[in-house]
Amino acid sequence: MQDNYQQKTLGILGGGQLGRMVIQSAINYNIDIHILDPDANAPCKDICHDFTQGKLTDYDTVYHFGQKCDILTIEIENVNTEALEQLAKEGKKVFPQPHIIKLIQDKREQKQFYKEKNIPTADFILTDDKNAVLANADFLPAVNKLGKEGYDGRGVQVLKSEADLDKAFEAPSLMEKLVDFDKEIAVIVSRNEHGELDAFPPVECAFHPTANLVEFLFAPAQISEEISKASIEVAKDVITKLDMIGILAVEMFVTNDGEILVNEVAPRPHNSGHHTIEANFTSQFEQHLRSVMGMPLGNSELRMPAAMVNLLGEDGFTGDAVVEGMDEAMNEKGVYIHLYGKKITKPFRKMGHVTILEGNVEALKTKALKIKDIIKIKA
């Protein structure tokens with residue numbers, strides 16, 4: 001019997017750009033989306049069926065919001081999992097499941113899960129405070145990561161030598177061996193309630209030197225067929241061992257020896273999948289929708305090589321956003337601009353992205369650099 005997806009309301013905790021792009025997919029299926037977000041001017045506000053302004057970490061707010069929905073999902077991990085657990089007990093479908101969100105909220109627990117489940121990851125030590133980091137100076141060079149509430153490059157310090165130890169966190173954190181890697185890649189996997197499993201082809205990420213945010217992304221990743229297949233298997237292994245329903249972005253290092261190590265995961269649509277709107281047969285946003293709504297998963301193969309450039313607020317500008325270079329960029333073939341509806345720009349704030357399609361990989365890289373120089377977001 002066909003499920004009537006149109007009669008089910010999907011509630012999303014978080015109303016930023018990820019939710020906005022999920023809504024853009026949901027419109028094609030006449031699915032009503034309810035959004036909860038603390039920002040009265042959240043990017044989703046004017047395009048969702050029902051908008052609630054409220055705190056994502058407040059039990060009562062999340063619980064009352066969830067009661068109006070049939071299925072609940074997230075576009076940000078920092079949410080009240082206790083309220084979601086209660087809603088699940090009362091029969092609401094919550095994907096990803098609340099205990100998985102809780103696990104991923106704490107990088108310490110996340111790393112221990114990898115170790116227990118034989119998922120390859122860099123060596124690490126759990127540290128409760130700054131003194132514990134100092135006591136493990138012989139573990140350097142390492143990356144010191146806050147257990148909770150670190151995201152988009154915040155809550156991460158690279159400690160190369162004892163001279164850097166002063167930057168260590170005075171909070172529960174972990175020290176992770178600094179990996180000498182060749183590439184950073186990501187694989188997005190999805191799984192629905194019927195046990196269907198799918199993986200998008202691996203992508204290659206290039207990070208901003210100071211903001212610790214992905215600046216460029218290239219699909220497919222320039223890796224061997226063997227490493228590509230192995231990375232997909234690792235990503236599928238992670239979502240299966242988590243027994244998770246939904247979409248999971250698995251960020252990995254490829255070491256100089258060709259070893260694959262899981263860095264971190266995100267149980268939601270992710271920056272490493274934005275290009276899929278134009279570049280793949282099914283976008284990550286539609287796949288997320290399909291996986292949590294119990295729909296059949298879509299084909300995630302790449303149509304043609306693509307690059308994605310993050311549009312970050314220019315350093316030194318805060319205020320009403322002004323986008324420069326739009327017309328020039330729009331004149332280029334295969335260039336797709338996505339602005340996120342954020343009125344205010346700040347240095348390095350994610351304001352949008354551009355996807356570039358180009359059959360030749362070298363030409364693709366050249367065009368990506370060109371687009372990055374053309375479009376500037378100032379105030």
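Helices (H or I, at least four residues) and strands (E, at least two) are DSSP runs, numbered from the N terminus. This is a predicted model, where local features need pLDDT of at least 70, side-chain atom pairs count only at pLDDT 80 or more, and totals for chains, interfaces and linings use all residues. Residues are numbered from 1 along each chain as its sequence is written, and side-chain values use heavy atoms, leaving out hydrogens and water.

Student: How many helices and strands are there in the protein chain?
Tutor: Let's count both kinds of run. The protein chain has 11 helices, and its strands number 22.

Student: What percentage of the residues in the protein chain is buried?
Tutor: Buried means under 20% relative accessible area (1.4 Å probe, protein chains only). Of the 379 residues in the protein chain, the buried ones make up 56%.

Student: Which element gives the largest share of the largest nonpolar core?
Tutor: A nonpolar core is a set of buried Ala, Val, Leu, Ile, Met, Phe, Trp, Tyr and Cys residues joined through side-chain atoms within 4.5 Å. The largest one has 27 residues, and Leu248, Met252 and Val262 have the most contacts inside it. Elements giving it two or more residues include α4 (98-105), α7 (225-242) and β14 (246-255). The largest share, seven residues, comes from α7.

Student: Which residues from 260 to 263 does Met252 touch?
Tutor: Contact means heavy atoms within 4.5 Å. Not counting residues up to four places away in sequence, Met252 touches Ser231, Val234 and Ala235, among others. From the stretch you ask about, its partners are Ile260, Leu261, Val262 and Asn263.

How values were computed
Buried < 20%, exposed > 50% of the residue type's maximum accessible area, 1.4 Å probe, protein only.
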